[in-house]
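Open the model in your viewer and keep the selection panel at hand. Each stop below tells you what to pick and what to look for.

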Amino acid sequence: MPHVERTLKITNKLGLHARAAAKLVQMAARFKSELKIARIDSRQGAGGEAPGNKSSGAQATDVNAKSIMGVLMLAAGMGTTVRLQAEGDDAEEAIAALAGLIEGKFGEE
Amino acid sequence: MTRRKSQRVITGIPGSPGIAIGTAYVERPIDIDPLTRSIAPEDAEAEVGRFQAAVDASKRQLEVIRDRVADLHVPEPRLILDTHLLILEDEMLIGETASTIRRETIAAEVALRATMDKVRAAFESITDDYFRERVNDVDQVAERILRNLSGHVDGASLAERAQGHVIVHHDLTPADTALLRRGMVMGFVTDTGGKTSHTVIMARSLEIPAVVGATSATADIDEGAMVILDGAAGVVIVDPDESTLEDYRRRKAVFEERERRLRAGAQKPAFTRDGVRVHLHANLELPQEAELAVACGADGIGMFRTEFLFMNRRDLPTEDEQYAAYRTVVEAMGGRPATIRTLDIGGDKLLSPADRPSEANPALGLRAIRYCLKEPALFRTQLRAILRAAQHGPVRILVPLVSGVEELRLTKAEIETARQSLAAEGFTAPAVEVGVMIEVPGAALVADLLAREADFFSLGTNDLIQYSLAIDRGNEEVAYLYEPMHPAMLRLLKMVLDAAAVAGRRVNLCGEMGGEAQYLPVLLGLGLREISMHAAQIPRMKRWLSAIDIDTSKKIAAKALTLATAKEVRDYVSSAAASFEPPTTLDGI
């Protein structure tokens, strides 16, 4: 199973608010791969504020990128760094599509 | 005779501005039996089935409401309902509840409540107000499932029950709110809700006065009581005395008069202080926004992006589907021109991305007109739909990402082919103008050649800046270099405007900088006479235009062209713009 991972920054003004989160989830649903998203803020990385963090560099709670509630719970505002992970046959395409949405600021600006 | 109570004030959170005066229609929360019953293990699957049926029923109800708001001139209601529909499919809510029913052999209501307790706890730990308040959306969806489980589903809509009243409600959902219409209900106040709740966004879109988060509203306000609701102040006055009532009647009249004058002012054509006509157009994302464009006094649609038809779906839109969307816009504009831009995305954004090899450099890759010319079937379907829509009013076709005359000729040939295929079916398409986006520096450099064969230009400054200065705005390491006032940009704009003037072609600017008043004088001075922006920006820009004169603008442009750096140009241009004083009689525009 291909595993693809990519880290990028949320740059649209409103961050992963409801409308953007909906677009992300709808896009994620088009792929078969298991898709996860996590925020990897500097503050989390430095202090390990979230409970249960391991000591590795990538300390974060993964949520299912196909879950609107999970994505909203990330509370990822503008400037948040997130890590996308995909596992499955179409992992490459899925990451490219989701990254395209985020980099394209969800077509909002 | 009822005993008259004395005036009381309930303070909440400002939701949506406006003043409503009327009698209260009160709806308190429905008590759903606090079921604690467990079920027999063998009944668990049936209980999951009952739960799933309630979820499906909720889905159907929300879909019906979504279709009913499709005709609104604002997209928000539909987008919020989409979010609620996604919540109805969310494993964290639906899957979790189903497995709780199985695991603990308890009734669906109890399992759903348990799931919601967990969800609430998770959201409560979020520090950001906006994201924390999204739990309300989940709550409202869960509430709808609960109502369906209990068989307690409203017959008439709230809008019908509360017609002619001020609604006093425990927690109005966005779905309920979406069906309210200004004029039908006067306003609403809710016990719950916050500044960023979707119900508030919905109320603002619908221009219905609202106060939210007035915790004791349903407890303190009796059915039929006289209330004054001041949405901007976030205040509800119950059983007002005569002088308060008189005061608010006056305030209401002032508010409505100001609103009317603002809209009326926006309907007048835009002229500069010295009487030069400038056309202000609207950029459109969705067909429903065309009505807003008209209300805001747009001279036409400067750019209707057609990508929405192709995004977020597994199949391609049919010709009839596209025709319906384009026709909606053309008809809404009532004779004003609608410029439809042909598909401006690449194959990577369409259909199954697996079918296309990923490109190392998509911004310079197979997209927009290049992609359309490679996919003639897809392109022809769109062109046929546009030509058919042209029978309902003036239509212009705008071709994106053109880099030279060759692509324009190929596109015109495709349009001709589409026209002939329609003719073969007995439909004679009216003439349409064909223009090109100037967003590739190469196209700007050959603007004189393009002007001979294109009917008009549209300056796509967002991309023109990125391509000219070789910077990706999304890349924050270089985003600071994105600078509309770079001397290179002024020269390119001048080159395009001069070439168009020689050939007698119109130029419309449709990038973000068109909506910023600080750039207005320099752009007018360079010769621009058509600008396209978000519809809501038009009334304000008309006001600015009326304060600027062309002579001074020409001097500002001439001076700006002599400056050496982006910062020098920007500093000069914005201070020069600040010297114009727009009329302030209508404040708060």
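The tour starts with chain A and then moves through chain B. Keep in mind that this is a predicted model.

**Stop 1: chain A, overall**

Select chain A and show it as a cartoon. You should find four helices and four strands. Trace the chain from the N terminus: the elements run β-α-β-α-β-α-β-α. Of the 109 residues in chain A, 46% are buried. Now consider contacts in chain A with a separation of 6 or more: 78% of them link residues 24 or more positions apart.

**Stop 2: strand E4 of chain A and its partners**

Select residues 81-87 of chain A, which form strand E4. Add strand E1, residues 3-9 of chain A: seven bridges join E1 to E4, and the two run antiparallel. For a landmark, pick Lys9(A), whose bridge partner in E4(A) is Thr81(A).

Next add strand E2, residues 34-39 of chain A. E2 pairs with E4(A) over six bridges, also in the antiparallel sense. Here the pair to label is Glu34(A) with Glu87(A) in E4(A).

**Stop 3: the eight-stranded sheet of chain B**

Move to chain B. Colour its strands E1 to E8, which build an open sheet with mixed pairing. In what order do the strands of the sheet lie? Reading across, the order is E1-E8-E7-E3-E4-E5-E6-E2. Strands E1 (8-11) and E2 (13-16) of chain B stand at the edges; each has a single partner strand, so one side of each is left without a neighbour in the sheet. On average, neighbouring strands are turned by 30° against each other, direction ignored.

Zoom in on strand E7 (residues 226-230) and strand E8 (residues 235-238) of chain B. Four bridges pair them in the antiparallel sense. Label Leu229(B) and, opposite, Val236(B) in E8(B).

**Stop 4: a helix pair in chain B**

Select helix H4 (residues 108-124) and helix H6 (residues 135-149) of chain B. Their axes come within 11 Å and cross at roughly 175°. Angles over 145 degrees count as roughly antiparallel, so that is how H4(B) lies to H6(B).

Show side chains where the two meet. From H4(B), include Leu112(B), Met116(B) and Phe123(B). From H6(B), include Val138(B), Ala142(B) and Leu149(B). Which classes of residue make up this contact? The count is eleven nonpolar, no polar and three charged residues.

**Stop 5: helix H19 of chain B**

Select residues 461-469 of chain B, helix H19. Thr461(B), Asp463(B), Leu464(B), Ile465(B) and Tyr467(B) are buried here. Their cover includes strands E13 (433-438), E14 (456-459) and E15 (506-509) of chain B, along with helices H17 (441-445) and H20. Just after H19(B), pick Ala470(B): its phi is positive, near 55°.

**Stop 6: the cores**

Finish inside. In soluble globular proteins, nonpolar side chains tend to be buried together. The largest nonpolar core here has 98 residues. Those touching the most other members are Ile301(B), Val329(B), Ile386(B), Val436(B), Ile438(B) and Val496(B). Helix H20 (residues 487-503) of chain B gives the most to this core, with eight residues.

Centre on Val496(B). Beyond its neighbours within four places in sequence, its contacts are Ile438(B), Ala444(B), Ala447(B), Phe457(B), Leu459(B) and Val507(B).

Apart from this core lies another, of 60 residues. Its members include Ala22(A), Val82(A), Ala96(A) and Ala98(B).

Notes. Residues numbered from 1 in each chain as written. Chains lettered and ligands numbered in written order. Predicted model: local features only at pLDDT ≥ 70, side-chain atom pairs only at ≥ 80, totals over all residues. Core = buried A, V, L, I, M, F, W, Y, C linked by C-beta atoms within 7 Å. Buried ≥ 20, exposed ≤ 12 C-beta atoms within 10 Å, placed from the backbone. Contact = placed C-beta atoms within 7 Å. Pairing = 2+ DSSP bridges. Axes fitted to C-alpha atoms, helices over the stretch in contact; angles between N-to-C directions. Parallel < 35°, antiparallel > 145°, perpendicular 65-115°, else oblique. Nonpolar A, V, L, I, M, F, W, Y, C, P; charged D, E, K, R; others polar.
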